[in-house]
Amino acid sequence: MSKKYWKGVEELRNDAEFVRLKNNEFYENLPLDQVIEKKAQDVNTTPRRDFLKFLGFSVAAASLAACEAPVRKTIPYLIRPDQITPGIANWYASSYFDGYDYCSVIVKTREGRPIKLEGNPLNAVTKGGVNARVQASILSLYDDARYKTPISGGNPSSWEVTDKAIIEKLTAIAAKGGKIRILSSTIISPSTKKVIADFAAKYPTTKHVVYDSVSASAMRQANQESFGLNVIPSYNFDKANVIVALDADFLVNWISPVEHARQYAETRKLNGGKKSMSRHIQVESALSVTGSNADLRIPVKPSQQGAVAANLYNAVAAGTGASAIAASALDAETAKKIASVAKELLENKGKSLVVCGVNNTAIQNVVNGINSLLDNYGTTIDLDNANHLRQGSDTDLTAFLDELNKGEVAAVFVYNSNPVYTLPNGAAFAQDLTKKVELSVSFSDRPDETSAVCNYVSPDHHAFESWSDAEPRTGIYSVGQPTIAPLFSTRQAEESLLLWSGNPTNFHDYMAAYWSSAIFSKTSGSWNKVLQDGVFELPAAVTKNYKTSANLNTAAETIGKMSASGFELVIYEKVGLGNGQQANNPWLQELPDPISKVTWDNYIAVSPKDAREKGWKQGNVVTVKAGTISVKAPVVIQPGQAFGTASLAIGYGRTVAGRVADNRGVNAYPFTSLTGGNINMSVGGVDIQKTADEDYMLAATQTHHTMMGRAIVKETSLAEYIKDPKAGNEDELLTIKVGKGEEVKKKAGDLNLWGDFDNGNHHWGMSIDLNSCIGCGACVVACTAENNVSVVGKDEVNRSREMHWIRIDRYYSSDADPKEGESGDIKKMEDPSDMPRVVFQPVMCQHCAHAPCETVCPVIATSHSSEGLNQMTYNRCVGTRYCANNCPYKVRRFNWFRYTDNPQFDFNMNNDLGKMVLNPDVVVRSRGVMEKCSMCVQRLQDGKLTAKKEGRKLVDGEVKTACAQSCPTHAITFGDYNIPDSELNKMWNPDERSYHLLGELNVQPNVYYQTKVRNIEEGKEA
């Protein structure tokens, strides 16, 4: 009996659809006459020749269909603008300041679209550095949640109607003497301040109230009491041999982080035979990025910070003969460490620096006293050339809120701030604004919690659609110019204020006139030259040494009253979202937190010790209650967290921001308080209770926390490095059998079964200095912007499918880390210490000469270039993922889905506006394709072509990868091995700190690392 085979259930059941298809596969009439001159003689029995004709037609038809794109009429340039050459980038000097982050930048545009930011090296403050948030701001320009028109009464309106209504109400309010208040974050634009002054001249009852969501008001107040100067000083971390930070995350968040990070890194580099580096001590509650880079970290509760400052003052005073102040006792271990720190400070008088991020005037006064005893003013601290990036006054804010609550304010203009979200009691502010104020106007360029309750919204331009200027430090200026025409019907806030005050002036003309009269009058200057360079400087004032005149005994009495019971909650800023202003930016949401490696969420971070005692597990949902404020949040067990404390990040819990940010995480601002004249970022007496809710899914990009005894990051102490420059960088030797029973040890590089590549004109490579890398993530966002890296969302990150081409691994030390000659307990080595040391390591494709990926790709989609690069041919890749499996560094990324035009991934690549940020020099990858770091090959080609046109060779440092260019600490050096005196070659020294990652594999990477050196005393400091 013959067997019957069928191709599917449909054939077995003889379905009608199957019968129809079987009898006539091409059931729709095909235009065969136009493609094939004659029909097949018998359509029921198709000969092979005709089958091939049909096949040929189907391919042709598919090709023709692919060409049938919708017709879009385009109008070519009648006269092409001189500035635009299709395919060639234009660069414009500009500035970015959103009331929180400042950078002088250069904006890359393609055919009129801003697509990338890079730091302006001419700026004396940031010197070419850019942090992650500023890098990501270019995507915020193309946020489709932005306001498209003015808003009146919650509905879209026109400028004519809105202006008329606001002017009428302002006139009526002014006629009866009603109070007008402009509430803003810090403004560093002198021209904008002049506009506000003009507005106040027109409406004399106007007062400008400045507040910062993360306030430094106490520092300004303390400097007023200590020195008679209501300013934030400029700090010179690069002149300090010893740095002590009291709850100041100065590398990524505090005051001027890009500037501080650059200065700090200069004191940590050991290039060129240098044998000294700064000593860094951090005192804090939550493990910060700055704390993770410290040589010595002292964890304390927030309520102990004042006692630490007072005890440190007394220890320094004892060494200078000054009188002591009252100080609460510390535990013996902490007291011993503080005494040791004081000794180090005294040994470096005039070359030390103590900074404090606690927003408490009494503590700040004591810190001023410490720096005064150490003669740090005039050397590491500059009060004469002040920093202008935090100008908020908590005292003025308190007075304004009191006026508002009493119904005394008639009009409120909200500029560059979101008080309903960021104030400690934003709900009360919203209620007062809606019920007790006649006129409320927001200048927000996109919906936020405050604009949602205002009568009118006069949407501002984005920073890169605007004219602006900035004075981040006394006498140092930068300007911003529009790099694109306004995308929507928005208007610069300054022009709105000028119009409403009866002076309808273009802000560019207003700003140019102001500069001519107020700045160029001090020293000669050219407006066009300023626009070209983006910067302008006046001669710096001579810095002087100051001695405090504040009553430190009174400050000590205030500190002595500081106390808290039970758990204490610390409110802090994350590297990605900061204060939450850019919460709707998917690049920042998907940026892993440098410490926890968690994306897309905030959480309650607790110490391992407290978690063990309370029975909390990672992802448990707990209720956090302080007074009347209560939230539910997941637990993250965070090594380094001070015992008896928890921490929660601001920036999350938005409700009116956009689809990316809304209802993501919880709002931590209600836990802050405006008591004692200052905004407090911690609270005591917190009750944390586990709920019966299911565990919360936290999407982290790294779930292993230690190196498990492997030499992934090589590290040593400064003392050992001075003795032996190769300390910590021991060669990995392989045992080789060379005869019967005979074994020898050889370096992996001495064994080679490969034919070496003959690199041509260039041999590209990269150096990463682990002493300089602070883990800030600026390189990750820069790479995302440059290379069109897709955002995949929380669910995909949880499946380990993130697409970042460069990652920053974070490793904790383990109590079970083996010492020399020991093997260590493998199980215990998985667990980090409760108070570990931390190290960061950027990892991207290592571009190996003996690349494991190249040997296993069946279609040669990954291959080696003549310039030393491991390159990907996307249209050849068939997605076997063999290369990813064979890569020891795990840096290859697979496109599991199509991330563009896919509602499942509704981020910037899912709408036409968001796609405007894409770099046209880099292809957008499709589903089923592998991708990875290309060393920004498009930049290399551009640099080579430029040099070729100019008839010269490339100069070392002329071309930089996006990660190297953006790094504020210059931890990444890109260059050409074929240039003998290149920085890359100068830094390569395997007899000292240079090593290859997993060098024992002998894959011969073109990327090398420099050993991490800590300024610690081995065996005496944890």
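**Figure 1. Cavities across the predicted model.** Enclosed space turns up repeatedly in this predicted model, with 16 cavities of 30 Å³ or more in the structure. The largest cavity holds about 980 Å³ of space, and the second largest comes in at about 130 Å³. The next two views take these two cavities in turn.

**Figure 2. Close-up of the largest cavity, centred on F97, D98, G99, N416 and Q581.** These five residues lie nearest the centre of the largest cavity, out of a lining of 50 residues. Three elements each give two or more residues to that lining: β1 (90-97), α15 (419-422) and β17 (468-473). What classes of residue make up the lining of the largest cavity? Count 24 polar residues, 15 nonpolar and 11 charged.

**Figure 3. Close-up of the second largest cavity, with domain 3 and domain 4 both contributing to its lining**. Here the volume is about 130 Å³, and 13 residues do the lining. Look for D143, D144, N584, P586 and N908, which lie nearest the centre of this cavity. By class, the lining of the second largest cavity splits into five nonpolar, five polar and three charged residues. Domain 3 (564-700) and domain 4 (715-1014) each supply at least three residues to the lining.

**Figure 4. Helices α14 and α16 cross at an oblique angle**. Zooming in on a helix pair, we have α14 (residues 394-405) and α16 (residues 426-436), whose axes come within 9 Å. The crossing angle is roughly 45°. Why call this pair oblique? An angle of roughly 45° is neither under 35 degrees nor in the 65 to 115 range, so α14 and α16 count as oblique to each other. As for hand, the crossing of α14 and α16 is left-handed.

**Figure 5. Helices α7 and α17 run roughly parallel**. This view shows another packed pair: α7 (residues 190-202) against α17 (residues 493-500), with their axes 9 Å apart. The packing angle is about 20°. Since angles under 35 degrees count as roughly parallel, α7 and α17 are therefore roughly parallel to each other. Which hand does the crossing of α7 and α17 have, left or right? The crossing of α7 and α17 is left-handed.

Conventions:
Residues are numbered from 1 along each chain as its sequence is written. This is a predicted model: local features need pLDDT of at least 70, side-chain atom pairs count only at pLDDT 80 or more; totals for chains, interfaces and linings use all residues. Side-chain values use heavy atoms; hydrogens and water are left out. On a 1 Å grid over the protein atoms alone, a cavity is a set of points where a 1.4 Å probe fits but cannot get out, and a pocket is an open set with protein on both sides within 12 Å along at least five of seven lines; lining residues have an atom within 4 Å of a point. Grid points are joined across faces, edges and corners, and a volume is the space filled by probe spheres set on the points. Helices (H or I, at least four residues) and strands (E, at least two) are DSSP runs, numbered from the N terminus. Ala, Val, Leu, Ile, Met, Phe, Trp, Tyr, Cys and Pro count as nonpolar, Asp, Glu, Lys and Arg as charged, and the others, Gly among them, as polar. Domain bounds come from an automatic or database domain assignment. Axes are lines fitted to C-alpha atoms, for helices over the stretch in contact, and angles run from 0 to 180 degrees between N-to-C directions. Angles under 35 degrees count as roughly parallel, over 145 as roughly antiparallel, 65 to 115 as roughly perpendicular and the rest as oblique. A crossing is left-handed if the near helix is turned anticlockwise from the far one by less than a right angle, and right-handed if clockwise.
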